[in-house]
Amino acid sequence: MEIQLQELIEQIKKDGVDAAEFEAKAIVDAAKKEAQKIIDDANDQANKILSAAKTENERIVKSSEDAIRQAGRNLLISFRESVTRELDSIIGENVASVYSSDALAELIVKVVEGWANKPDAEELAIVLNNKDLKKLEEMLLAAIKVKMIKGVTLKANDQFDGGFRIAVRNGSAYYDYSTESVVEMLSNYLSPKVIELLKEAE
């Protein structure tokens with residue numbers, strides 16, 4: 001009887017220990033599973049953060065590169081416009097300088113001489129502004145007489161600052177050699193060449 005009681009106590013102890021070990025193992029397994037889930041969630045979150053940071057970094061880099069490219073284009077455009085303005089100014093100064101000197105009379109006579117030989121050039125009119133007409137009238141008339149050019153008259157027109165126009169067919173058509181027209185013509189001719197030179201320097 002005493003032996004059976006001892007065996008019963010031993011069995012109860014063993015069952016208790018087994019149950020405790022089983023429960024402990026279950027708790028440990030659950031804890032490991034939860035810990036792994038926390039680690040996996042943390043890794044997923046970290047990957048999402050890294051991916052978002054990489055995407056944002058790429059966006060910032062691209063945006064910065066685009067901004068630098070645009071700034072470069074703006075700078076080049078501004079430089080070209082500045083060069084074109086400077087070129088226009090230089091051309092304007094040189095044309096105005098020629099047109100304000102006695103060389104203007106010689107230039108007009110040469111142009112008229114060239115036009116006088118054309119079949120549609122009957123009754124040519126040299127059109128100048130009042131100031132230039134008063135200054136050059138005697139010189140022009142004398143030169144035209146010497147060159148024996150006939151049918152040429154001098155007229156005043158203050159619609160342009162300097163230079164001259166050659167009118168044919170009673171003023172129905174004219175050829176514009178005014179300061180503004182010549183500057184524009186030379187600028188239009190030279191500007192593309194300057195832009196090409198600037199492109200070659202890029």
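User: Tyr 177 first: how exposed is it?

Analyst: This is a predicted model. In it, Tyr 177 has a relative accessible area of 25%. Buried would need under 20% and exposed over 50%, so Tyr 177 counts as partly exposed.

User: How many aromatic pairs are there?

Analyst: The count is one aromatic pair. Phe 164 and Tyr 177 make it.

User: What geometry do Phe 164 and Tyr 177 have?

Analyst: Stacked. The ring centres are 5.0 Å apart, with 20° between the planes. Planes under 30 degrees apart count as stacked, so the label fits.

User: Where in the chain do Phe 164 and Tyr 177 sit?

Analyst: Phe 164 is in strand E3, residues 163-168. Tyr 177 is in strand E4, residues 173-178. The two are 13 residues apart, and the pair links distant parts of the chain.

User: And Phe 164, buried or exposed?

Analyst: Phe 164 is buried, because its relative accessibility is 0%.

User: Switching to helices. At what angle do H2 and H3 cross?

Analyst: Roughly 50°. H2 covers residues 103-116, H3 covers residues 130-146, and their axes come within 10 Å. That angle makes H2 oblique to H3.

User: Left-handed or right-handed crossing?

Analyst: H2 passes H3 in a right-handed crossing.

User: Which residues make the contact?

Analyst: From H2, Leu 104, Ala 105, Ile 108 and Val 109. From H3, Asp 132, Leu 136, Met 139, Leu 140 and Ala 143.

User: How many of those are nonpolar, polar or charged?

Analyst: In the contact of H2 with H3, eight are nonpolar, none is polar and one is charged. Asp counts as charged, so the charged residue is Asp 132 of H3.

Conventions: Residues numbered from 1 in each chain as written. Predicted model: local features only at pLDDT ≥ 70, side-chain atom pairs only at ≥ 80, totals over all residues. Heavy atoms only, no water. Phe/Tyr/Trp six-rings, centres within 6.5 Å; stacked < 30°, edge-to-face > 60°. Helix = DSSP H or I, 4+ residues; strand = E, 2+ residues; numbered from the N terminus. Buried < 20%, exposed > 50% of the residue type's maximum accessible area, 1.4 Å probe, protein only. Axes fitted to C-alpha atoms, helices over the stretch in contact; angles between N-to-C directions. Parallel < 35°, antiparallel > 145°, perpendicular 65-115°, else oblique. Left-handed = near helix turned anticlockwise from the far one by under 90°. Contact = heavy atoms within 4.5 Å.
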